[in-house]
Amino acid sequence: MPHSGYQEELKRSLTLGDLLIYGIIFMVPIAPFGIFGYVASSSKGMVPLVYLIGMTGMLFTALSYARLAEVFPVAGSVYSYAQRGINEHIGFVAGWLILLDYILIPPLLYLVSATALHTMIPFLPRAAWVIVFVFINTVINILGIEITAKANKVIVALEIIVLLIFLLVGITAVYVHINAAHFSLKPFINREEFNLPLLMSAASIAVLSFLGFDSISTLTEEVKGDRTVAGKLVGKAIILTIPIIGSLFILQTWVASLIVSDYTSFQDLSGAFYEVAQIAGGDWLRGLSSVATALAWGIANALVAQAAISRILFSMARDHKLPAILALIHPKYKTPYISTILVALITLVIIMAGIGIDDLASLINFGALSAFLILHITVINHFIIRKKSRDYLNHLLLPVIGLLIIGYVWMSLGFLAKELGFVWISIGLVYMIGMKLLGKEGFKSEEY
């Protein structure tokens with residue numbers, strides 16, 4: 001049986017169902033509502049095809065996560081996996097990259113939500129909405145992962161209801177030919193507009209909707225059962241969430257693309273989906289879609305994002321890669337409360353600094369995709385090179401395919417994202433070397 005080398009500190013209370021809901025909430029069932037216009041513009045209207053490409057790439061990455069979750073059933077996600085599957089230094093780099101992803105996700109979510117609500121209720125400043133969201137989510141996360149799981153179930157149910165309403169109204173609109181809409185597969189493949197580099201560029205935007213499935217792996221030490229059972233459940237949940245959420249993304253963007261087939265007609269790319277909703281059902285559907293997006297991103301997604309990053313910080317601090325205070329566990333609620341509070345403070349600082357949505361999204365994708373590349377390499381190194389595995393399908397072919405797909409999408413990222421991303425990596429390397437020289441880097445991995 002795998003042994004983590006750690007004392008059990010976090011409360012084990014989560015089931016497979018909780019993990020599935022957690023992952024689905026993180027990815028947000030209605031995520032395309034907020035970025036539909038940008039993806040439509042970049043893909044020349046082939047939005048569902050872009051999400052199909054994104055789902056395929058993420059599925060191969062999910063398979064690599066599942067393989068590693070089974071043999072390394074500890075919190076920490078790709079940080080812990082690369083640390084044990086390659087070495088502690090690569091593990092730190094992977095953790096540093098995923099930190100860039102997770103730390104910036106909550107500010108992005110709060111900023112998008114606050115902007116949407118400020119547009120509807122202009123007398124309340126964006127900062128007020130952000131403070132309210134941050135306070136609510138921080139309290140819920142400190143009270144315990146069980147509270148987070150219960151809140152997730154309610155929120156995901158509401159999101160699904162809103163999505164079903166849109167699909168019902170949207171499909172009806174297509175059936176009666178509102179805005180000259182008609183059923184067609186053109187949004188999946190438009191031969192006149194097809195351009196693979198453009199589609200991959202669009203996929204580098206759409207992939208933002210899929211980020212978060214990997215956060216399930218940060219909860220490994222809070223899953224019911226022993227470490228072996230927990231690792232298998234985490235792996236299963238990671239694999240299942242991708243086709244579930246991907247199918248929802250593809251269906252809703254297909255219907256939206258049918259209602260407005262001219263991707264150049266949108267007045268505002270950030271509000272493109274709401275224009276579609278208004279054409280399909282009127283002001284009420286536009287308002288419902290806008291509010292649902294704001295609450296889904298600002299409460300639901302940010303809630304699980306904060307829970308995930310606090311556990312990454314907890315795991316790295318426990319290994320003496322970050323200040324030890326971040327590894328403190330609340331004596332009553334058994335949650336990493338110092339890390340949770342730190343995430344809230346960082347979120348407020350980033351938003352108050354005025355960093356834009358575009359810059360945040362680009363950096364998030366750089367961090368996540370770079371970490372995913374390391375993840376696939378970890379699978380190959382641990383199983384094929386270190387363990388001499390002969391399961392070439394699961395431990396070599398599938399990771400290589402995932403590596404190629406994610407690598408292609410990574411190459412499609414903008415120059416600014418890569419430039420700032422490498423600055424972040426440089427800061428991390430300087431920090432790691434400094435800690436090493438000062439003799440304060442204390443991790444030595446257990447052999448698995």
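**Pockets and cavities: a quick tour**

Okay, let's start with helix H5: with 6 residues, H5 gives the most to the lining of the largest pocket. Keep in mind that this is a predicted model.

So how big is that pocket? Its volume comes out at about 750 Å³. There are 29 residues in the lining, and if you want to centre your view, the ones closest to the middle are Gly34, Ile35, Tyr38, Ser270 and Ile357. Besides H5, which spans 88-120, you get at least two lining residues each from H2 (32-43), H8 (196-210), H10 (272-281), H11 (283-318) and H13 (357-386). As for chemistry, the pocket lining splits into 14 nonpolar, 11 polar and 4 charged residues.

Now for the enclosed space. Rolling a water-sized probe over the atoms is what shows where empty space is left. Searching the whole structure turns up 3 cavities of 30 Å³ or more. The largest cavity holds about 110 Å³. It's lined by 13 residues, and closest to its centre you'll find Phe26, Leu109, Leu208, Trp297 and Asn301.

Which elements give two or more residues to that cavity lining? Those are H1, running 16-27, plus H5, H8 and H11. H5 turns up here with the largest share, 3 residues. And what about the classes around the largest cavity? Here we have 11 nonpolar residues, 2 polar ones and no charged ones.

If you're going to remember one element from today, make it H5: it gives the most to the pocket lining, and the largest share of the lining of the largest cavity comes from H5 as well.

Conventions. Residues numbered from 1 in each chain as written. Predicted model: local features only at pLDDT ≥ 70, side-chain atom pairs only at ≥ 80, totals over all residues. Heavy atoms only, no water. 1 Å grid on protein atoms, 1.4 Å probe; cavity = no way out; pocket = protein on both sides within 12 Å on 5 of 7 lines; lining within 4 Å. Points joined across faces, edges and corners; volume = space filled by probe spheres on them. Helix = DSSP H or I, 4+ residues; strand = E, 2+ residues; numbered from the N terminus. Nonpolar A, V, L, I, M, F, W, Y, C, P; charged D, E, K, R; others polar.
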